[in-house]
Amino acid sequence: MKVAMKSKDKVALESLRAIKSALLLAQTSGNSNDGLTEEEEVKLVQKLVKQRKDSAAIFQEQGREDLAAPELEQVAVIEQFLPEQLDEAAIENVVADVIQKTGASGMKDMGKVMGMVSKQLAGQADGKTISTIVKQKLA
């Protein structure tokens, strides 16, 4: 944060403050007695990224590129604090393994497959990407 302040990087500073604020809010919410686990922190940061991506998409739909650009810049800064994201080929391999292990055969098994894959790839893949790949494989 100090580096962002000294270099007058407003985007980085806003992003870091958002992360700090969300973490402090989660820690003091009363739900966690001994702080947050690393998994909970990753989920929180992923939530911040998703919120900004959704906001940017809405702004772009409305033709407000001037509002979408700062959101996407913040996404780039916040994503630095997430574990390295897997590419689609790696996600497809995991999905195929889970489908094979569970014997899933159609869309009725999507929930079971999604749950197992999401648990395996926690923090390493976006839920929307996982969902899209599972739908392709089960269709």
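These exercises work through charge pairing and the largest pocket in a predicted model.

**Exercise 1.** Which side chain does Asp54 meet in a salt bridge, and how many residues apart are the two in helix H3?

*Solution.*
- Start with the pair. Asp54 and Lys50 form a salt bridge, with N and O 3.0 Å apart.
- Check the cut-off. A salt bridge needs the Lys or Arg nitrogen within 4 Å of the carboxyl oxygen.
- Place the pair. Both residues sit in helix H3, residues 38-61. They are 4 residues apart, so about one helical turn separates them.
- Add exposure. Asp54 is partly exposed at 38% relative accessibility. Lys50 is also partly exposed, at 48%.

**Exercise 2.** Which parts does the salt bridge between Glu79 and Lys53 tie together?

*Solution.*
- Take the distance. The closest N and O atoms of Glu79 and Lys53 are 3.5 Å apart.
- Locate each end. Glu79 lies in the loop between helix H4 (65-78) and helix H5 (88-102), and Lys53 lies in helix H3.
- Conclude. The bridge therefore ties together parts 26 residues apart in sequence.
- Add exposure. Glu79 has a relative accessible area of 34% and is partly exposed. Lys53 is partly exposed at 39%.

**Exercise 3.** Is Glu71 buried or exposed, and which side chain of opposite charge is nearest?

*Solution.*
- Locate the residue. Glu71 belongs to helix H4.
- Settle its exposure. Glu71 is buried.
- Find the nearest opposite charge. Arg52 is 4.6 Å away.
- Apply the cut-off. A salt bridge requires N and O within 4 Å. Glu71 has no salt bridge.
- List the surroundings. Neighbours within four places in sequence aside, Glu71 contacts Arg52, Ser55, Ala56 and Phe59.

**Exercise 4.** Where do the residues lining the largest pocket come from, and which element gives the most?

*Solution.*
- Take the volume. The largest pocket holds about 450 Å³ of space.
- Count the lining. There are 15 lining residues. Gln46, Lys50, Lys53, Asp126 and Gly127 lie nearest the centre.
- Assign elements. H3 and helix H7 (127-138) each give two or more residues to this lining. H3 gives the most, with 8 residues.
- Sort by class. The lining has 8 charged, 4 nonpolar and 3 polar residues.
- Link back. Lys50, one of the residues nearest the pocket centre, also pairs with Asp54. Lys53, another of them, pairs with Glu79.

**Exercise 5.** How many salt bridges does the structure hold?

*Solution.*
- Take the total. The structure holds 4 salt bridges.
- Name one not yet covered. Asp66 pairs with Arg64 at 3.0 Å between the closest N and O atoms.
- Add exposure. Asp66 is partly exposed at 49%, and Arg64 is partly exposed at 37%.

Technical notes: Residues are numbered from 1 along each chain as its sequence is written. This is a predicted model: local features need pLDDT of at least 70, side-chain atom pairs count only at pLDDT 80 or more; totals for chains, interfaces and linings use all residues. Side-chain values use heavy atoms; hydrogens and water are left out. Buried means under 20% relative accessible area, exposed over 50%, partly exposed in between (1.4 Å probe, protein chains only). Lys and Arg count as positive and Asp and Glu as negative; His and the chain ends are not counted. Contact means heavy atoms within 4.5 Å. On a 1 Å grid over the protein atoms alone, a cavity is a set of points where a 1.4 Å probe fits but cannot get out, and a pocket is an open set with protein on both sides within 12 Å along at least five of seven lines; lining residues have an atom within 4 Å of a point. Grid points are joined across faces, edges and corners, and a volume is the space filled by probe spheres set on the points. Ala, Val, Leu, Ile, Met, Phe, Trp, Tyr, Cys and Pro count as nonpolar, Asp, Glu, Lys and Arg as charged, and the others, Gly among them, as polar.
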